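I am opening this notebook to keep track of what I look up in the structure, one entry at a time.

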Amino acid sequence: MKKLSFSLALASLAFAGPALALDGAKLYLEKTCVACHGKEGKKPLTPEYPKLAGQNAKYAQKQMLDIKSGARANGNSAAMKGVMHLVSDEEIAALADYLSKLK
Ligand code: HEC
């Protein structure tokens with residue numbers, strides 16, 4: 001049994017990467033995301049804001065990085081850019097992972 005849990009721990013370290021160390025669900029609440037995108041990314045503040053639950057992690061991560069850097073400045077992204085200084089690239093990865101796993 002001991003051996004099994006050790007290899008499971010190793011496996012999760014190998015596959016989950018940096019996202020594992022950070023709690024995406026907690027970040028989502030702490031970094032104000034919930035205010036605009038709603039509980040679990042399902043109830044955006046206005047119909048012009050996107051739902052995030054179940055979005056591909058890679059895509060969501062890229063969009064967040066682009067909004068943060070200013071590479072994406074279309075639509076209402078300016079609203080979100082204002083809070084992106086609150087999150088590091090590692091936190092963005094954890095948030096993307098969390099959002100992709102929401103049903
Ligand atoms: C002040 C409101 C606001 C806050 C706070 C906010 N966002 Fe956004 N977010 C938006 C808006 C508006 C868009 C869509 C921009 C557009 O119209 O192109 C967006 C877009 C996104 C997208 C891309 C969606 C897509 O389908 O392309 C992701 C992912 C995202 N937000 C995640 C987050 C996360 C995670 C946080 C917390 C760190 C956050 N947002 C905080 C308003 C906000």
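**Entry 1, helix 4.** Which residues of helix 4 are buried? Keeping in mind that I am reading a predicted model, I find that the buried residues in helix 4 are Ala60, Gln61, Gln63, Met64, Ile67 and Lys68. They lie on the same side of helix 4, because the arc that they cover around the axis is only 165°. When I turn to the face directed away from this buried side, I come upon the exposed residues Lys58, Tyr59 and Ser69. I also looked up what covers the buried residues of helix 4, and the cover includes helix 5 and helix 6, the latter running over 89-100.

I then checked the length of helix 4: its 13 residues should span 18 Å at 1.5 Å a residue, and the end C-alpha atoms are indeed 18 Å apart, so the two agree. Just after helix 4 comes Gly70, and its phi is positive, near 95°.

**Entry 2, the chain as a whole.** Stepping back, I note that the chain has 6 helices and 0 strands, so that, by the definition of these elements used here, the order from the N terminus on reads α-α-α-α-α-α. Of the 103 residues in the chain, 21% are buried. Among the contacts in the chain with a separation of 6 or more, I find that 65% join residues 24 or more positions apart.

**Entry 3, the core and helix 6.** I looked next for the largest nonpolar core, which has 15 residues, and those with the most contacts inside it are Ala60, Met64, Ile92, Leu95, Ala96, Tyr98 and Leu99. The elements that contribute two or more residues to this core are helix 4 and helix 6, and helix 6 gives the most, with 7 residues. As a general point for my own orientation, nonpolar side chains tend to be buried together in soluble globular proteins.

Within helix 6 itself I list Ile92, Ala93, Ala94, Leu95, Ala96, Tyr98 and Leu99 as buried, and the cover over these residues includes helix 2 (24-30), helix 3 and helix 4. Helix 6 has 12 residues, and from its first C-alpha to its last it reaches 17 Å, close to the 16 Å expected at 1.5 Å a residue. I followed Ala60 of the core a little further and, leaving aside neighbours within four places in sequence, found Ala60 in contact with Leu52, Gln55, Ala96, Leu99 and Ser100.

**Entry 4, around the ligand.** Which residues come nearest to the ligand? Of the 22 residues around the ligand, I note Cys33, Cys36, Gly75, Asn76 and Met80 as the nearest. The elements that give two or more residues to this shell are helix 3 (33-37), helix 4 (57-69) and helix 5 (77-81). The largest share, 4 residues, comes from helix 3. Sorted by class, the shell around the ligand has 13 nonpolar, 8 polar and 1 charged residues.

**Entry 5, the loops on either side of helix 3.** I looked at the loop between helix 2 and helix 3, where Thr32 is placed, and saw that Thr32 has a positive phi of about 70° although it is not a glycine. I noted this since most residues other than glycine have a negative phi. Thr32 counts as partly exposed, because 14 other C-beta atoms lie within 10 Å.

Lys31 lies in that loop between helix 2 and helix 3 as well, and Lys31 is partly exposed, with 16 other C-beta atoms within 10 Å. Not counting neighbours within four places in sequence, Lys31 is in contact with Val83, Leu86 and Val87, while from Lys31 to His85, 54 residues apart in sequence, the C-alpha to C-alpha separation is 9.7 Å.

In the loop between helix 3 and helix 4 I found Glu40, another residue other than glycine with a positive phi, here near 55°. Glu40 is partly exposed, with 17 other C-beta atoms within 10 Å.

**Entry 6, after helix 6.** Is Lys103 buried or exposed? Lys103, which lies in the segment after helix 6, is exposed, because 6 other C-beta atoms lie within 10 Å. Leaving out residues up to four places away in sequence, I find that Lys103 touches Ala53 and Gly54. The C-alpha atoms of Lys103 and Lys42 are separated by 9.3 Å, although the two are 61 residues apart along the chain.

Conventions:
Residues numbered from 1 in each chain as written. Predicted model: local features only at pLDDT ≥ 70, side-chain atom pairs only at ≥ 80, totals over all residues. Near = placed C-beta within 6 Å. Nonpolar A, V, L, I, M, F, W, Y, C, P; charged D, E, K, R; others polar. Expected span 1.5 Å × (residues − 1). Buried ≥ 20, exposed ≤ 12 C-beta atoms within 10 Å, placed from the backbone. Arc of directions from axis to C-beta. Contact = placed C-beta atoms within 7 Å. Core = buried A, V, L, I, M, F, W, Y, C linked by C-beta atoms within 7 Å.
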